[in-house]
Amino acid sequence: MSEQQAILAGGCFWCTEAVFLDVAGVSGVESGYIGGQTVNPTYKQVCGGDTGHAEAIRVTFDPSVLAYGDLLDIFFATHDPTQLNRQGNDIGTQYRSAIFPLSDEQEEEARAKIAALNAEQNGKIVTTIEPASTWYPAEDYHQNYWETEGQRNPYCMAVIPPKLNKLRKSFQNRLKADA
């Protein structure tokens, strides 16, 4: 089976990108914008909250190594899907928790995962399932941010290590050998 892609929004894309780069079966993660009405939005425009876009990641993965459902488990465990239009101090619709399915199968699986989580958490999951509209890659300096700039960014130093620790603790069997 060839590689597949998934588009997920779980707050700041620097933070979600850093998590998925360490997951076995993931060959690439691209930060970008999706779900809005502005054509070719810039980071500044998206941060302004007026474009309708979410900061998201497009994950390329090998489904024979990492099933889409397992990818969703990691997604839900490494951000807070109960916070509406925010993650921690990041507030606005651009930080919403959303899944942008790229096939009917992905949509079906995402709906089932949200329903199961809502059953466990008394209906508190606010993650939306939105149509996969045009994907706009973020500017180059946002790509692989944790490895390039993020470890010098106080915000990233406060937010990303706890996410990576949770990934390593809860999903040890899903980590790349060098993670």
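**Exercise 1. Which exposed residues does the face of H4 turned away from its buried side carry?**

Before we start: this is a predicted model, where local features need pLDDT of at least 70, side-chain atom pairs count only at pLDDT 80 or more, and totals for chains, interfaces and linings use all residues. Residues are numbered from 1 along each chain as its sequence is written, and side-chain values use heavy atoms, with hydrogens and water left out.

*Step 1.* Find the helix. H4 runs over residues 104-120; helices here are DSSP runs (H or I, at least four residues), strands too (E, at least two), numbered from the N terminus.

*Step 2.* Sort by accessibility: buried is under 20% relative accessible area, exposed over 50%, and partly exposed in between (1.4 Å probe, protein chains only). In H4, Gln106, Ala110, Ile114 and Leu117 are the buried ones.

*Step 3.* Look down the axis. The buried residues of H4 fall within an arc of 65°, so they line one face of the helix. The arc is taken from the directions from the helix axis to the C-beta atoms. As a rule, an α-helix has 3.6 residues a turn, so residues three or four places apart point the same way.

*Step 4.* Now flip to the other side: there you meet Asp104, Glu105, Glu108 and Ala119.

**Exercise 2. Find what covers the buried residues of H4.**

*Solution.* Go through the neighbouring elements. The cover includes strands E1 (4-10), E6 (97-100) and E7 (128-129), along with helix H3 (68-77).

**Exercise 3. Where is Cys12, and is Cys12 buried or exposed?**

*Step 1.* Cys12 sits in the loop between E1 and helix H1 (13-20). An unreviewed UniProt entry puts the feature "active site" at Cys12.

*Step 2.* With 6% relative accessibility, Cys12 counts as buried.

*Step 3.* List its contacts (heavy atoms within 4.5 Å). Skipping neighbours within four places in sequence, Cys12 touches Glu55, Asp90, Tyr95 and Tyr155.

**Exercise 4. How many disulfides does a search of the whole structure find?**

*Step 1.* Set the rule: a disulfide is a pair of cysteine sulfur atoms within 2.5 Å.

*Step 2.* Try Cys15. Its closest cysteine sulfur, in Cys12, is 3.6 Å away, too far for a bond.

*Step 3.* Try Cys47. Here the closest cysteine sulfur is again in Cys12, at 8.8 Å, which is too far for a bond.

*Step 4.* Searching the whole structure gives zero disulfides.

Technical notes: The expected span of a helix is 1.5 Å times one less than its number of residues. UniProt positions are given in the numbering used here, feature names are shortened, and annotations may be inferred rather than shown by experiment.
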